[in-house]
Amino acid sequence: MSASDSPAHVLSGVLDALASQNLRVVDLSQTLSPRFPQIVLPPEFDQCAPFRMEEISRYDGRGPAWYWNNISFGEHTGTHFDAPVHWITGRDLPNAATDSLPARSFIAPACVVDCSAQAAQDADFLLTVDRLRAWEVQYGRIPEGSWLLMRTDWSKRTDPVAYQNFDAAGQHTPGPDVAAVEFLVHDRGVIGFGSETIGTDAGQAAHFRPPYPCHAIMHGNGRLGLQCLCNLDLLPPTGAIVIAAPLKILHGSGSPVRAIALVAG
Amino acid sequence: MTDALKRAAPRNPILPLRVPTLPPGQRSRAALRWTASVAEGRFELQSCHDCGQIQYPPRDACTNCLSIRLTWKPVSGRGDLISETLLHHSNELYYRARVPLRLGLVRLAEGVTVLTHLHGDCPVAKANESIPVRVRAHLDKAGQAALIALPATDTPNMADDRMLREMTSDPKFRKVLITDGKSATGQALVKAFVDAGADIVWAGLSEPWKQPPGFDAISKLPNVTVVPLELTDPRSVEDLAGSIGGKVDILVNNAEVHRAHGIGDRRGTETARAEMDINYFGLLRLAQSFGPALRARAADSAVPSTAWVNILSIYALSALPGQGTFSASKAAAFSLSQTLRSEMRGAGIRVVNVFPGPIDDEWTQTLPPPKLAPAALAKAVVKALKDGVEDIYPGDVAQDLFTKWQESAKVLEREMWDQ
């Protein structure tokens, strides 16, 4: 190992590159706000609490010199991280909750597949194996241990009604089909799947066979999820490094997350 | 003939706000018992168990035989106006702002003479001539029972009489906020207030990505404006109060979460918490954000702010075990509404509590009829405001359970086990 390859040198090189803006930091998180919609389940199920904020004091009689809030939210609120134990298929896996996942799994490279044109045409657009293989022809094989991030520009839908996109048949948002999830998990060994929509699965994934493949198959195989991401359009197809560390919640199934990406140039 | 009420002109912003005042509100315990019946929409007077005399005003003993065995008897209100006077001066601030006042003596059919306000359309009293009138008992601005005599038959614009309007909260020309315009009851309420001549109906919309059938049509009714309102989000409530809080004349809080669970049939507390967060804390957030401006504007025009309506549930009085957590949240809201009533009292804002039985919507699918149609609930709310009533129990189930609750809350508690 030469001096320039030493870990300490690599780290200081990262700092130098950040300072000189040869490395950029892209914020992949939506603002955690009461205005941001939360996932909706049919009403007979218990619901995920939306993000809420109650003032404790604001330099007033309740606390004269300080301002602070009590916040409350479901684990799957805002831009958030799904741990494998989120789904029943992942319930018996070791080290698969927010507190027990190895911290190493919070830093991983990203492959970004641009589906924005298709999603603009068809809200129910499904990412297929063919589309992934076509991407690989252009950018190379999806490396093992990388995130597969599906760019749809869905995060640009700032109106919550358009973001949720419900009609009488349920939600209409893009996501991967069953075969694509099988391919990413078993043939490419991704660390997880990330989306700009409210779930990693498509809005109509309840009707897939099996239902919710990006939850059932990903989490059943110990893989992770990121959803409600934004700024995927600022990432290159390959080469970005995603840092997404959930809160260390005891046996948590997920957590809001401040996801960021390091991007060259 | 009463002049038709006109839409209130915009307030002249350089003139000081007219501050609400109240008529004298002190009452004896006997008089409070009278107020209690009037608050529920009944007109009763004291009747002596021993000699049968009907007396007014309420006292601790019979003025005829001194018996203290006094009961309460419904009276028709029919009677004859025998004399009247025009009051030009009063040292009471409330009356000072309202003189001249027509007051009269009316001999009721039950044989008792009462001193009463006179509706402007009552013919002038004449010596040796009986003029038939209808006496009504209403709550005045202080929330205490008072009498007003109406002409024997309805006259045009009768509800627009100046003194009658002091005792009622007619939605005509008023600006109304319905906190949930989406639900079945919300849609019915929006429609009922539009039909009642409200100037503006703001229909609260939470979680706009979930829009049920019918809401689109409701939101397009004349004078209806849809406004975002999340009762679980203090910021959202404050934002709406910041935008329309200074204009709302009647606030109808009908937003609720309603699930059918007891204690043992649902693990955990999240659904119960969601019920409490809307049904109880939602009311608290609304009261803190909308209460001050509503109180401040209680005298600011000919059509001032006037009322706050809570859609509670008859199960606030006695829990329906199959809907135990819902019942508990409504009991909490009922308790808070009593504090709200006490805090609104100083401005003469009427807090109307509505205790319906099961409403015919998706959350009472397994309950047998009779169930209250949302439109019937909405009609009852508008009627309560027009009649100046404080507590209503609309529908057969509510009436039945309320009667039983008054007879014995303890017996009813047992009976609810089998409901």
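**Chain A as a whole, and one serine of chain B**

In chain A, 73% of the contacts with a separation of 6 or more are made by residues 24 or more positions apart. I should state at the outset that this is a predicted model.

Let me continue with the general description of chain A. Its secondary structure consists of 15 strands and six helices. With 265 residues, chain A would have a radius of gyration of 18 Å by the globule rule; the value for the model is 19 Å, close to that figure, and chain A is therefore as compact as a globular protein of that length. Along the principal axes, the C-alpha atoms of chain A fill a box of roughly 60 × 50 × 40 Å.

I turn now to burial and surface. Of the 265 residues in chain A, 48% are buried. The accessible surface of chain A amounts to about 12700 Å², and carbon and sulfur atoms contribute 58% of this area.

As regards charge, chain A carries 27 negative and 18 positive side chains. The centres of these two sets are 3 Å apart.

My last item concerns chain B, and specifically B:Ser318. Where does B:Ser318 lie in chain B? The residue is located in the loop that runs between β13, residues 307-311, and α9, residues 324-344. Is B:Ser318 buried or exposed? Its relative accessibility is 8%, and because the threshold for burial is under 20%, B:Ser318 counts as buried. Which residues is B:Ser318 in contact with, leaving aside its neighbours within four places in sequence? They are B:Leu412, B:Glu413 and B:Met416.

Terms used: Residues are numbered from 1 along each chain as its sequence is written. Chains are lettered from A and ligands numbered from 1 in the order in which they are written. This is a predicted model: local features need pLDDT of at least 70, side-chain atom pairs count only at pLDDT 80 or more; totals for chains, interfaces and linings use all residues. Side-chain values use heavy atoms; hydrogens and water are left out. Helices (H or I, at least four residues) and strands (E, at least two) are DSSP runs, numbered from the N terminus. Buried means under 20% relative accessible area, exposed over 50%, partly exposed in between (1.4 Å probe, protein chains only). Contact means heavy atoms within 4.5 Å. The radius of gyration is taken over C-alpha atoms; the globule rule is 2.2 Å times the number of residues to the power 0.38. Accessible areas come from the Shrake-Rupley method with a 1.4 Å probe; for residues, only the protein chains shown count as cover. Lys and Arg count as positive and Asp and Glu as negative; His and the chain ends are not counted. The place of a charge is taken as NZ of Lys, CZ of Arg, CG of Asp or CD of Glu.
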